[in-house]
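Got the viewer open? Let's take a walk through this one, stop by stop, with something to select at each.

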Amino acid sequence: MPQEIAFESLSLTTLDGMSDVERDALPFGIVGFPADTTVQVYNATEARLSGLDRASVMGVPFFEAVAQCMNNFMVAQRFEEEPEIDDIVPYVLTLRMRPTKVRLRLLASPEAARRYVLIER
Amino acid sequence: MTERSSEEQLLEFLYACPVGLLECDMAGEIGMMNPHAMQHLLPLAGPRDAGNLFSALEQHAPELRSIAAAFAPATGRVCDGHRIFVELGCARRTTPRKVLACTMVKLAPDRLMVTLTDISQQVVQEQRLRQADTWFATLLNGINDYAALTVRPDGEVITGDSGFTRQTGYDLAAVIGQKLGDVLKTDTTGGDLRLDEQLVVAERDGWHLQEGWQQRANGERYWCQRLVVARSRDDETGPIGFSVILRDVPRREAAAEDLRRVLTRDHLTGAANRRHFSHAMEREQTRWRDLRHSLSLIMLDLDHFKAINDTYGHPVGDIMLRRVAEACAPLLPPRGVFARLGGEEFAALLPRYDGEQAIGLAEDLRAAIAAIEVETAGTILTLTASFGCATLDEADGSIDALIALADKRLYAAKRGGRNQVFQPQAAAA
């Protein structure tokens, strides 16, 4: 397995270049969205863990309809305010309504149209 | 396209719900919660455990833990729309201060269902309405004179204008450096706030206005509107001081007083009517919440009153009701409200009275009613009443619970033989 798919080091460019099949094979959740936050990438791992069907999540505003728990200054607001982010934050999500400790990696760059949230349980 | 399972639909529904929902045990350990609840809880939790409701809110609403713990019944509504003021100061004026409303329902001895809703916008609206009310009242009142002062965050006078001396009779130079609250004595036997208490509210809400009697240096009383406004600078989080405006407002003219009387009084007895009583309760509930003043309620019901109406007719009954109001109203403290709530049911709302003081006053009211004598058709009629008292603390801040508790005790007094005030400790013993 190539080195760059580790949760901590996977780059935004690599993520953008991957196919859906490649992203589905990753052991952590991946959500990708442009500035308007509508979901463009939702990998199989994330769909399985959240219990949501990928088809019903695609095109939906991520922070408003899917991940309200991240719709605060700790996550959503950072994407609005910081053009460049590569940060790992400890977080608590409500997967299937259970509080679950996770690590989030937030990725954004002024050169890339799409931002990513990586979720490691 | 695959058919979505009902579980998926249910999850989607919960993920998208714009109200925070969670379930926890009585210790606050969260079993389930939706994302909206976590959206609010996690930023408040800071380094504390976001998986426990009470730990997460320890900094902003430590009272929730005790409110839940003090709720004795096995099931029921523990609190309804309890407000959590996330930001205390008035630092950022561009966005409304965040206020959450929390409702807790006890479903089983160790199971709480909780909702969290962001009501920041609603609170802003309420504040605007209050402001509009104040302006409107000023138009109606007219103003004789005003005085302006600035004070430090601790209430010490920095500056003032000549209006202060003109209005209060105190020498401004002698007052500078003193605590304004020590100079302006407030009659707190009623519900009026002391100046230092107004500063607390103004620091949180940005401003506070109250009307009440104020004393001039020569002891003369005048009706005064006292407005306290927090002064802040963008680079400071707390207020850097306060502006205080004192307005000498003429008391309402006779016509306005008549109108007010029609709107707020029970036409038969002259006691406050239900509507006025309900407004007064809301106002005092706010003070209870803001400043933790005690607030008590006495409910009383005349004993066997139907028999008087049936035997001697309603005109005699009406005379007796009027005599009850005449006997009771003068015994109340200045900010107390004596009201007729229904046929032969009355109530007294008592700001700053604790449970013991309320029971003491109820005993006085009982004796005053028992001493009433009405002569009719050659007989002397007397009457008695039964009393129940409760405090807003006992009712966890809910007006409905307060009324229900006082009512319950009133009926316990009836069952105990009438002509008595229900004594909680006697029942517990």
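Start in chain B and select β11, β12, β13 and β16: these four strands make an open sheet, ordered β12-β13-β11-β16, with antiparallel pairing. Strands here are DSSP E runs of at least two residues, helices are H or I runs of at least four, and both are numbered from the N terminus; two strands pair if DSSP finds at least two bridges between them. Before you colour anything, note that this is a predicted model, in which local features need pLDDT of at least 70 and side-chain atom pairs count only at pLDDT 80 or more, while totals for chains, interfaces and linings use all residues. Residues are numbered from 1 along each chain as its sequence is written, and chains are lettered from A and ligands numbered from 1 in the order in which they are written.

Now pick out the edges, β12 (337–342) and β16 (385–391) of chain B: each has a single partner strand, so one side of each has no neighbour in the sheet. From one strand to the next, the twist averages 20°; angles run from 0 to 180 degrees between N-to-C directions, with axes fitted as lines to C-alpha atoms, for helices over the stretch in contact. Zoom in on β11 (residues 295–302) of chain B, which is joined to β16(B) by seven bridges, running antiparallel. Label B:M299 and you'll find B:G388 of β16(B) standing opposite.

Next, select residues 305–328 of chain B. Helix α12 (305–312) and helix α13 (314–328) of chain B pack at about 140°, their axes 7 Å apart. That makes α12(B) oblique to α13(B), since angles under 35 degrees count as roughly parallel, over 145 as roughly antiparallel, 65 to 115 as roughly perpendicular and the rest as oblique. Which residues make the contact? Show B:F305, B:I308, B:N309 and B:Y312 from α12(B), then B:H314, B:V316, B:G317 and B:M320 from α13(B); contact means that C-beta atoms, placed from the backbone, lie within 7 Å. By type, the residues divide into five nonpolar, three polar and no charged. Ala, Val, Leu, Ile, Met, Phe, Trp, Tyr, Cys and Pro count as nonpolar, Asp, Glu, Lys and Arg as charged, and the others, Gly among them, as polar.

Swing over to the other sheet stop in chain B: five strands, open, antiparallel, in the order β2-β1-β5-β4-β3. Its edge strands are β2 (30–33) and β3 (76–85) of chain B, each pairing on one side only. Here too the twist averages 20° from one strand to the next. Add helix α2 (residues 35–45) of chain B, which packs on the sheet against β1, β2, β4 (99–108) and β5 (111–118) of chain B, at about 85° to β1(B). Helix α4 (residues 63–70) of chain B also packs on this sheet, touching β3, β4 and β5 of chain B and making about 170° with β3(B).

Bring chain A into view. The contact between the chains takes 21 residues from chain B and 20 residues from chain A. On the chain B side, the elements giving two or more residues are α1 (6–16), β2 and α2 of chain B; α1(B) gives the most, with seven.

Last, colour by pLDDT, the predictor's confidence in each residue from 0 to 100. Chain B averages 85, with the highest mean in β16(B), at 97, and the lowest in helix α16 (residues 424–428) of chain B, at 60. Over residues 89–93 of chain B, pLDDT is below 50. Where pLDDT is low, the predicted coordinates should not be read in detail.

Key. Contact = placed C-beta atoms within 7 Å.
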